[in-house]
Amino acid sequence: MRLRRAGLIGLAISFARSERGQQMIRQTRERYDTPANRAKAREALNGLRGPRRT
């Protein structure tokens, strides 16, 4: 089981380093990395953390 998981992780890393992988990552980032999406993500993380204690 560990070997299979390590193989999948290695495959994902190899793909991410490849030219096609870099292109896909760049396109996805351009599409989804917007100020509105960043604000939504920030709000979701703050909601998961709960109220702050100061």
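Helices here are DSSP runs of H or I with at least four residues, numbered from the N terminus. The exercises below concern a predicted model.

**Exercise 1.** Find which residue just after α3 takes a positive phi, and check the span of helix α3 against its number of residues.

Solution.
- Step 1: Helix α3 covers residues 35-49, which is 15 residues.
- Step 2: The expected span is 1.5 Å times one less than the number of residues, and for α3 this comes to 21 Å.
- Step 3: The end C-alpha atoms of α3 are 21 Å apart, so the model agrees with the expected span.
- Step 4: Just after α3 comes Gly50, with a positive phi of about 85°.

**Exercise 2.** Determine how helices α1 and α2 are oriented to each other, and list the residues of their contact.

Solution.
- Step 1: Two packed helices are described by the angle between their axes and the distance between the axes.
- Step 2: Helix α1 spans residues 2-17 and helix α2 spans residues 19-32; they pack at about 80°, and their axes are 4 Å apart.
- Step 3: Angles of 65 to 115 degrees count as roughly perpendicular, so α1 and α2 are roughly perpendicular to each other.
- Step 4: From α1, the contact takes in Phe15, Ala16 and Arg17; from α2, it takes in Glu19, Arg20, Gly21, Gln22, Met24 and Ile25.
- Step 5: Sorted by kind, the residues of this contact are 4 nonpolar, 2 polar and 3 charged.

**Exercise 3.** Describe the setting of Gln22: its helix, its contacts and its accessibility.

Solution.
- Step 1: Helix α2 contains Gln22.
- Step 2: Leaving aside residues up to four places away in sequence, Gln22 touches Phe15, Ala16 and Arg17.
- Step 3: The relative accessible area of Gln22 is 36%, so this residue is partly exposed.

**Exercise 4.** Is Leu11 buried or exposed, and how far is its C-alpha atom from that of Ala39?

Solution.
- Step 1: Leu11 belongs to helix α1.
- Step 2: Exposed means over 50% relative accessible area; Leu11 has 58% and therefore counts as exposed.
- Step 3: Leu11 and Ala39 are 28 residues apart along the chain, and 32 Å separates their C-alpha atoms.

**Exercise 5.** State how many salt bridges the structure holds, which side chains meet, and how accessible each partner is.

Solution.
- Step 1: Side chains of opposite charge can pair when their charged atoms come close.
- Step 2: The structure has 1 salt bridge.
- Step 3: In a salt bridge, the side chain of Arg38 meets that of Asp33 at 2.8 Å, N to O, which is within the 4 Å cut-off.
- Step 4: Arg38 has 44% relative accessibility and so counts as partly exposed.
- Step 5: Asp33, at 38% relative accessibility, counts as partly exposed.

Terms used
Residues are numbered from 1 along each chain as its sequence is written. This is a predicted model: local features need pLDDT of at least 70, side-chain atom pairs count only at pLDDT 80 or more; totals for chains, interfaces and linings use all residues. Side-chain values use heavy atoms; hydrogens and water are left out. Buried means under 20% relative accessible area, exposed over 50%, partly exposed in between (1.4 Å probe, protein chains only). Helices (H or I, at least four residues) and strands (E, at least two) are DSSP runs, numbered from the N terminus. Axes are lines fitted to C-alpha atoms, for helices over the stretch in contact, and angles run from 0 to 180 degrees between N-to-C directions. Angles under 35 degrees count as roughly parallel, over 145 as roughly antiparallel, 65 to 115 as roughly perpendicular and the rest as oblique. Contact means heavy atoms within 4.5 Å. Ala, Val, Leu, Ile, Met, Phe, Trp, Tyr, Cys and Pro count as nonpolar, Asp, Glu, Lys and Arg as charged, and the others, Gly among them, as polar.
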